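Take a look at the fold below. We will walk through it step by step.

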Amino acid sequence: MFDMLYLVSLGLFDEKDISMRGADAIKKCSRIFIETYTSSIKINFQALEKIAGKKIDLLDRKGVEESGAILESSKSCDTAFIVPGDALSATTHQQIVFDARKVGILVEIIHS
C-alpha cells in the first residue's frame, strides 16, 4: 500500500483561507505541490511555506498534467497537492484522484 495523497483546497482569496484541516494535512506531508493556473488568487508563498513548515513545489499545467510528479511522490511519502479555490474544480484534479485510487494510493480531499 502506498502513502496518502491529500488534495487541499486553498480557498478563494489567499493563503490565509486554508482550513485548519488543510493546514494540518500539509504540515504532516513530506512533499507539497501547488498549482496556480486554475484560479488566480493572491498567494504569499513564504507565508504558505511557513504554515506548512517546509518548501512547496510550484507546478505549471504541464507539471500537473504530464509529469506524474504528484502520483510518484504519493507512492513513497505522504504528499499534498494544494489547489486555489476548490480541489476538485478542474477535471485534471479529478483525474489525479482517479489515477491515484486506481494504483492503490489513498486519497483524502479537503475542501476549504
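Which strands and which helix do the buried residues of α1 pack against? Keep that question in mind while we meet the parts. One caution comes before anything else: this is a predicted model.

Start with the sheet. It is open and has 5 strands. Their order is β3-β2-β4-β1-β5, and the pairing is parallel. The edge strands are β3, residues 57-59, and β5, residues 106-110. Each of these two pairs on one side only. From one strand to the next, the twist averages 20°.

Now follow the pairs. Strand β2 covers residues 31-35, and strand β4 covers residues 79-83. These two strands run parallel and share 4 bridges. Find Arg31 and look across to β4: Thr79 stands opposite.

Move on to β1. Strand β1 pairs with β4 in the parallel sense, over 5 bridges. Here Ser9 stands opposite Val83 in β4. Strand β1 is also joined to β5, again in parallel, by 5 bridges. In that pair, Met4 stands opposite Leu106.

Is β1 covered or open to the outside? It is mostly covered, with 6 of its 6 residues buried. To see how its side chains are arranged, recall a rule. In a regular strand, side chains alternate between the two faces of the sheet. Now check β1. Met4, Tyr6 and Val8 point one way. Leu5, Leu7 and Ser9 point the other way. Every one of these six residues is buried.

Next come the helices. Helix α5 spans residues 91-102. This helix lies across β1, β2, β4 and β5. Its direction makes an angle of about 150° with β5.

Helix α1 spans residues 20-28. Its buried residues are Gly22, Ala23, Ala25 and Ile26. Why do they line one face of the helix? Look down the axis of α1: the buried residues fall within an arc of 160°, so they line one face. The face turned away from that buried side carries Met20 and Lys28, which are exposed.

Now return to the opening question. The buried residues of α1 pack against the strands β1, β2, β4 and β5. They also pack against helix α2, residues 45-52. Trace these contacts in the model, beginning with the buried residues Gly22 and Ala23. Then turn α1 around to find exposed Met20 and Lys28 on the face away from the buried side.

Note on methods:
Residues numbered from 1 in each chain as written. Predicted model: local features only at pLDDT ≥ 70, side-chain atom pairs only at ≥ 80, totals over all residues. Heavy atoms only, no water. Pairing = 2+ DSSP bridges. Axes fitted to C-alpha atoms, helices over the stretch in contact; angles between N-to-C directions. Contact = heavy atoms within 4.5 Å. Buried < 20%, exposed > 50% of the residue type's maximum accessible area, 1.4 Å probe, protein only. Arc of directions from axis to C-beta.
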